[in-house]
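Student: I would like to take a close look at a single part of this model, the empty space enclosed inside it, and then hear how the other parts compare in kind.

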Amino acid sequence: MTAVDLGLPELSGLVGVPTTDEKQTAKDYKSDQEVRWCPGCGDYIVLNAMQAFMPTLGLKRENIVFVSGIGCSSRFPYYMNTYGIHSIHGRAPAIATGIAVTRPDLSVWVVTGDGDALSIGGNHLIHTLRRNVNLKILLFNNRIYGLTKGQYSPTSEEGKVTKSTPMGSLDHPFNPISLALGADATFVARTLDNDRAQLTEVLAAAAAHRGSAFVEIYQNCPIFNDGAFDMLKEPGEKEQRLIPLTHGEPIRFGANGDYGVVRTGFGGLEVAKVVEVGEDALVVHDATLDDPSYAFALSRLSTQDLSHTVTGIFRNVARPSYDDQARAQLAAARERKPGDLQGLLRGKDTWTVAS
């Protein structure tokens, strides 16, 4: 699936990144490192999907870099045969920003988890999104801290019993999609680890996007939160719970398309039976609306108990990226007045530091 197939600009997010005529396969993107995740971990599926997807971009592997923080998902760079940085807890977006600003010839991807990104890394994430840095941020959400052995995370549901909440979590969890849209992110999507087709479509659209592309991926932790999303994968259940988005088409779901999304009287959205409201009442999905209010209303349809979960691309709009503007500003400053490091060091401005 290409960007053109999805009705999107053709890989504008990769302008300036060197391409290759060399035929690539998934094997080219597999490193020589032993993959060390627990058997059954959803990270395996995402890794395999990424390794199969990357050759479709036609990029030189030496011009791709994966940056991660701390957590199970943050081992990802070791397993991709590209450049990679295993950085510090929560700071992957900040480090990746520096790379994106200084190296426009690189395709920069951030891999993070719900704890890494939304707890200690919360500030870095929201400011990266509001700045619209040309990064692709993949948030692996398993609703638990896996690497540190099973504490509740910022996305764990209320009442969740874990090692750190033996009587049930009192915290109200983040909705990562709502959070990203609240930061005015220009590309926001959600998908599941086991939905290979949709995952690949979302990755293609994220790569095509110029700016911050935020992708939440529901994935299973078989050791500390096994089966957290099983009801979204079981035949007979998933059809009634998953609300897939397709740009330009009415939002409809259910085994026979019995349900759809309609507008409420207060500008919100709700689920209704099609037979009761009529097909003309269904909302036609438009991911390109500049006002994020519609996409935010969509994000609120997803519930903690997973009775409804919206997947696909919520928002995909154009806005100048931070790194493009930073480089343009630097070029303008140099043209106006060339830098003089010695003049700065030997200038008349002095400071006295008291002992």
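Student: How many residues line the largest cavity, and which of them lie nearest its centre?

Tutor: The model is a predicted one, and within it the largest cavity is lined by 16 residues, with G13, P104, L106, S107 and N134 lying nearest the centre. A search of the whole structure returns one cavity of 30 Å³ or more, and the volume of the largest cavity comes to about 100 Å³. As general background, rolling a probe the size of a water molecule over the atoms shows where empty space is left. Two elements give two or more residues to the lining, namely β3, which spans 107-113, and α11, which spans 322-336. The largest share, three residues, comes from β3. By residue type, the lining of the largest cavity divides into eight nonpolar, three polar and five charged residues.

Turning from the cavity to the cysteines, a search of the whole structure finds zero disulfides. The sulfur of C72 has its closest cysteine sulfur in C221, at 6.4 Å, which is too far for a bond, since a disulfide would require the two sulfur atoms to be within 2.5 Å. Seen from the other side, C221 is in no disulfide either, and the nearest cysteine sulfur is that of C72. As for their surroundings, C72 counts as partly exposed because its relative accessibility is 25%, whereas C221 is buried, with a relative accessible area of 9%.

Another part that can be described strand by strand is an open sheet of three strands, in the order β8-β9-β10, with antiparallel pairing. The edge strands are β8 (252-253) and β10 (269-273), each of which pairs on one side only. Strand β9, residues 259-263, pairs with β10 in the antiparallel sense over five bridges, and in β10 the bridge partner of R263 is L269.

A last site is D28, which is placed in the segment before α1, the helix that spans 43-53. With a relative accessible area of 22%, D28 is partly exposed. Leaving aside residues up to four places away in sequence, D28 touches K23, R61 and N81. D28 and E62 stand 34 residues apart in sequence, and their C-alpha atoms are 12 Å apart in space.

Terms used:
Residues are numbered from 1 along each chain as its sequence is written. This is a predicted model: local features need pLDDT of at least 70, side-chain atom pairs count only at pLDDT 80 or more; totals for chains, interfaces and linings use all residues. Side-chain values use heavy atoms; hydrogens and water are left out. Buried means under 20% relative accessible area, exposed over 50%, partly exposed in between (1.4 Å probe, protein chains only). On a 1 Å grid over the protein atoms alone, a cavity is a set of points where a 1.4 Å probe fits but cannot get out, and a pocket is an open set with protein on both sides within 12 Å along at least five of seven lines; lining residues have an atom within 4 Å of a point. Grid points are joined across faces, edges and corners, and a volume is the space filled by probe spheres set on the points. Helices (H or I, at least four residues) and strands (E, at least two) are DSSP runs, numbered from the N terminus. Ala, Val, Leu, Ile, Met, Phe, Trp, Tyr, Cys and Pro count as nonpolar, Asp, Glu, Lys and Arg as charged, and the others, Gly among them, as polar. Two strands pair if DSSP finds at least two bridges between them. Contact means heavy atoms within 4.5 Å.
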